[in-house]
Amino acid sequence: MTEAFDWNDVLRWNDGAVRFLDQTRLPFEIVVHETTNYRRIVEAIQRLEIRGAPLIGIAAVYGMALAAKESSDLDARRDNLEEAFRAFASSRPTAVNLFWALEQARQALAQSPPDEIPARLLNLALRVHEDDRNRCDAIGRYGLPLLGKGGIVLTHCNTGVLAAAGGTALSIVFRACKENIPVEVFVDETRPLLQGARLTVWELRQRGIPHRLIVDGAAPHVMRTFPVTAVITGADRIARNGDTANKIGTYMLATAAQRHGIPFYIAAPLSTVDARIENGDQIPLEERGPEEITSMLGRTVTLPDTPVFALAFDVTPNELITAIITDAGVLRPPYTSSIPDALERSGGTTAEQG
Ligand code: MRU
């Protein structure tokens, strides 16, 4: 169950195909799929085999590179790419990194001579992947001082290498461990799909990082009774005013952190900022199938036909967020000025030209 895993197998280009780890099978089985069909990548994103905001974006550009290879007839290729674009754009609605990455693919297509499109899209995918790795490293570097001498970090969902090329919130924990700063992680199980229990626990175990799993409802009690240094989560979309959409349950954590005087941090690359939207009310929040609530690991846990509200994300209002740790530094309130300043300093959010 915990044999050493090649982290590159989470997602990579492999000799004309895309190779990816099936995250729905963790932590019980390590299953790596390989495909040359972009439709399989769309399906993997919808089923959460590939998940986590930045990783979804990277996977979509690899998928576009696959779509470009399907036909050598230029008209057929253009139609195919258009179809792929639409399929990826409707695969998951909340993670803005997906739309950020697709927009870059759109621009690469517009600037590319038709016969160079497959090579250009592949280069873009490799660049977006590398760019995310660098952004995650920077998040770890900027976030580390906020942990001081270390202590307890409480986190939600999965924000490690299974969700972004180098991790977002967990990148700070990885950095602390590298620098021998003692950290213990309290991991919310993250109902309904258990990304905390299944994925974060697996990642931390692989790396030998001390952790304890808790049920989501235990978080406020842990904050009241343990010396929690910080609550740190990732983000799926950040509005211009700092309101942040993340996995359902994040808002509850931020509220409890404020109640207990514990800093609540969001860790995310600037590619998670949606500069077009003013506040969290404008963020589309994904609702998923009722079976994700009515059953657990394949077993029904409630009465048949129970009506459910299967919201996958919530929005944490900016006033509950102590700081947003990005690849361009630690942003503090008021976010209406610190976010645009960071975007301007970093020259926008596109992956650097290689
Ligand atoms: O539904 P998921 O598993 O894709 O949700 C993921 C999260 O909510 C993460 O916290 C978020 O994408 C940031 S991860 C780097």
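## Two domains around one ligand

In this predicted model, the shell around the ligand takes at least three residues from domain 1 (7-136) and at least three from domain 2 (141-345). As you turn the structure on your screen, look for both domains beside the ligand.

What kinds of residues make up the shell? Seven are nonpolar, seven are polar and four are charged. There are 18 residues around the ligand, and those that come nearest are Arg-51, Ala-53, Arg-92, Asn-246 and Lys-247.

## Polar partners of the ligand

Now zoom in on the oxygen atoms of the ligand. Which part of Gly-52 lies 3.1 Å from one of them, backbone or side chain? For Gly-52 the partner is a backbone N or O atom. With Arg-92, a polar side-chain atom lies 2.8 Å from a ligand oxygen. Asp-236 also places a polar side-chain atom by an oxygen atom of the ligand, at 2.9 Å.

How much of the ligand does the protein cover? On its own the ligand has 410 Å² of accessible area, and the protein covers 100% of that. The space that the ligand takes up is the largest cavity. Two elements give two or more residues to the shell: α2 (53-68) and β9 (244-247). You can trace each of these elements in the model and see where it meets the ligand.

## Backbone details to look for

Away from the topic of the ligand, the backbone has some details to find. Where are the cis peptide bonds described here? One runs from Arg-191 to Pro-192, with omega near 5°. Pro-192 belongs to the loop that links β5 (183-188) and α7 (195-207). Another cis bond joins Pro-333 to Pro-334, and its omega is near 0°. Here Pro-334 sits in the loop between β15 (329-331) and α11 (335-345).

Leu-48 is one more residue to pick out. Its phi is near 70°, which is a positive value in a residue other than glycine. To find Leu-48, follow α1 (38-47) to its end and look in the loop between α1 and α2.

Notes
Residues numbered from 1 in each chain as written. Predicted model: local features only at pLDDT ≥ 70, side-chain atom pairs only at ≥ 80, totals over all residues. Heavy atoms only, no water. Near = heavy atom within 4 Å. Polar contact = N/O pair within 3.5 Å; in protein donor to acceptor, adjacent residues only side chain to side chain. Areas by Shrake-Rupley, 256 points an atom, 1.4 Å probe, with all protein chains shown as cover. 1 Å grid on protein atoms, 1.4 Å probe; cavity = no way out; pocket = protein on both sides within 12 Å on 5 of 7 lines; lining within 4 Å. Sits in = over half its atoms within 2 Å of the grid points. Helix = DSSP H or I, 4+ residues; strand = E, 2+ residues; numbered from the N terminus. Nonpolar A, V, L, I, M, F, W, Y, C, P; charged D, E, K, R; others polar. Domains from an automatic or database assignment.
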